[in-house]
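Let's take a walk through this one together, starting from the inside and working outwards. Keep the structure open and turn it as you read.

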Amino acid sequence: MQIWVDADACPKAIKDILFRAAERTAITTTLVANQHLATPPSRHIKMLRVHPGFDVADSEIVNRLNLGDLVITGDIPLASEVIAKGGHAINPRGERYTEDTIKERLNMRDFMDTLRASGIATGGPAALSPRDIQAFANQLDAFLAQHIRKKPV
């Protein structure tokens with residue numbers, strides 16, 4: 001299993017949690033972005049810089065994704081592709097996307113896009129709160145505990 005991070009819009013607090021988890025679990029964690037992002041020195045943390053462009057990072061993640069990999073993203077269409085390919089997805093607020101929830105989230109996203117296109121101001125998401133950060137850390141820990149194979153001693 002590997003962790004992929006849709007890193008262009010991933011908050012620093014979430015990346016810091018992922019860096020600690022990568023070290024603790026020895027799981028390769030790759031940040032994918034269209035600009036260079038600083039990462040701590042680690043053999044478990046990688047940076048993959050892609051060309052600028054619409055959904056270039058998303059496409060790269062989907063192309064490299066293996067069955068069972070985890071993707072950290074707030075991008076609902078990307079999460080949908082990840083799930084369709086047999087991966088797992090968690091957003092930076094700690095919500096785990098599943099086959100059951102992703103269709104509803106896509107429908108709501110499309111509805112909000114329609115409202116914005118018609119001129120209705122819908123506002124954006126609230127700033128990431130300490131509660132959101134804790135929810136992410138808890139969801140990540142639960143996921144890793146469930147999916148990491150215990151190594152024999």
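In this predicted model, the largest nonpolar core has 23 residues, and the members that touch the most others are Ile3, Val5, Leu18, Ile72, Phe136 and Leu140. Where do they come from? At least two core residues are supplied by each of β1 (3-6), α1 (12-25), β2 (29-33), β4 (70-72) and α5 (130-147). Helix α1 gives the largest share, with 6 residues. For a look from the inside, click on Ile72: leaving aside residues up to four places away in sequence, Ile72 touches Ile3, Trp4, Val5, Asp6, Ile14, Leu18, Ile90 and Phe136. There is also a second, separate core, this one of 17 residues, with Trp4, Ile61, Ile76 and Tyr97 among them.

Not everything on α1 is tucked away. Arg20 sits in this helix, yet Arg20 counts as exposed because its relative accessible area is 52%, and the cut-off for exposed is over 50%. Its C-alpha atom lies 9.9 Å from that of Pro40, which is 20 residues away along the chain.

Now for the sheet. Six strands make up an open sheet with mixed pairing, in the order β3-β2-β1-β4-β5-β6. The edges belong to β3 (45-49) and β6 (96-97); each has a single partner strand, so one side of each lacks a neighbour in the sheet. Further in, β4 pairs with β5 (residues 88-90) in the parallel sense, over 3 bridges, and Val71 stands opposite Ala89 of β5. Helix α2 packs on this sheet, where it touches β1, β2, β3 and β4, and its direction makes about 170° with that of β1.

Which residues of α2 (residues 56-64) are buried? They are Ala57, Asp58, Ile61 and Val62. These four cover an arc of only 135° around the axis, so they are on the same side of α2. Their cover includes β1, β2, β4 and α3 (76-84).

Helix α3 tells a similar kind of story. Its buried residues are Ile76, Leu78, Ala79, Val82 and Ile83. Looking down the axis of α3, you'd find them within an arc of 155°, so they line one face of the helix. The general background is that an α-helix has 3.6 residues a turn, so residues three or four places apart point the same way.

Finally, check both ends of α3. At its start, a side-chain oxygen of Asp75 comes within 2.8 Å of the backbone nitrogen of Leu78. Just after α3, Gly86 takes a positive phi of about 90°.

Technical notes:
Residues numbered from 1 in each chain as written. Predicted model: local features only at pLDDT ≥ 70, side-chain atom pairs only at ≥ 80, totals over all residues. Heavy atoms only, no water. Core = buried A, V, L, I, M, F, W, Y, C linked by side-chain atoms within 4.5 Å. Buried < 20%, exposed > 50% of the residue type's maximum accessible area, 1.4 Å probe, protein only. Contact = heavy atoms within 4.5 Å. Arc of directions from axis to C-beta. Polar contact = N/O pair within 3.5 Å; in protein donor to acceptor, adjacent residues only side chain to side chain. Pairing = 2+ DSSP bridges. Axes fitted to C-alpha atoms, helices over the stretch in contact; angles between N-to-C directions.
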